[in-house]
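Thanks for coming, everyone. I'll put the structure up now, and then we'll walk through one helix, the cysteines and a few side-chain pairs.

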Amino acid sequence: MQRPQITTFGRDAFPTFEQKAAVMITAIVQQCPFRGGNRRVALAVLVAFCALNGRALDSRIFDEKTAETLLRRAGSYQDLGLRPEDVFAELRDVLGKAITSEG
């Protein structure tokens, strides 16, 4: 849960909100801290992280199918032959479009 706060040479390693959200949920699905339900926990963490920071997810962009696909790819990137940085970039880009400021 500390990964979004990482700094490198005194600067945020993940400077944008979308990057912080993407790295946090990627860490959950890739490290598998729970016996089951890691993708569900990652989604709940994303929703809570947004809400705590005055943001929301646009469900027209980050719908159920998109969330399932992205989180599955993030969790099984090795089995799919994907590079982790590509999966992170894809997730970051989608979140960049889907995360909005509340009211």
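Let's start with a cysteine: how exposed is Cys32, going by its relative accessible area? Cys32 is partly exposed, at 44%. On that scale, buried means under 20% relative accessible area, exposed means over 50%, and partly exposed is in between, using a 1.4 Å probe and protein chains only.

Quick housekeeping before I go on. This is a predicted model, so local features need pLDDT of at least 70 and side-chain atom pairs count only at pLDDT 80 or more, while totals for chains, interfaces and linings use all residues. Residues are numbered from 1 along each chain as its sequence is written, and side-chain values use heavy atoms, with hydrogens and water left out.

Back to cysteines. Cys50, unlike what we just saw, counts as buried, at 1% relative accessibility. And how many disulfides does a search of the whole structure find? Zero, where a disulfide would be a pair of cysteine sulfur atoms within 2.5 Å.

Cys50 takes us to helix H2, since it is one of that helix's buried residues. Helices here are DSSP runs of H or I with at least four residues, strands are E runs of at least two, and both are numbered from the N terminus. H2 covers residues 38–52, which is 15 residues. The expected span is 1.5 Å times one less than the number of residues. For H2 that should give 21 Å, and the end C-alpha atoms are indeed 21 Å apart, so the two agree.

Which residues of H2 are buried? They are Asn38, Ala42, Val45, Leu46, Phe49 and Cys50. Look down the axis of H2 and these buried residues fall within an arc of 130°, so they line one face of the helix. That arc is taken from the directions between the helix axis and the C-beta atoms. As a reminder, an α-helix has 3.6 residues a turn, so residues three or four places apart point the same way.

On the other side of H2, Arg40 and Leu52 are exposed. As for what covers the buried residues, the list includes helices H1 (17–31), H3 (64–75) and H5 (84–98), plus strands E3 (55–57) and E4 (99–101). Contact there means heavy atoms within 4.5 Å. After H2 comes Gly54, with a positive phi near 70°.

Now the aromatics. There are two aromatic pairs in the structure. In one of them, Phe17 and Phe49 are stacked, 4.8 Å centre to centre with 5° between the planes. Rings of Phe, Tyr and Trp (its six-membered ring) pair if their centres lie within 6.5 Å; planes under 30 degrees apart count as stacked, over 60 as edge-to-face and the rest as tilted. This pair links distant parts of the chain, with Phe17 in H1 and Phe49 in H2, 32 residues apart. Phe17 is buried at 11%, and Phe49 is buried at 18%.

Last topic: salt bridges, seven of them in the whole structure. The cut-off is a side-chain nitrogen of Lys or Arg within 4 Å of a carboxyl oxygen of Asp or Glu. Arg72 bridges to Glu68 at 3.2 Å, and both lie in helix H3, four residues apart, about one turn.

Then there's Arg83. Arg83 meets Glu85 at 3.5 Å and Asp86 at 2.9 Å. Shared partners join Arg83, Glu85 and Asp86 into one network. Arg83 is partly exposed at 48%, as is Glu85 at 43%.
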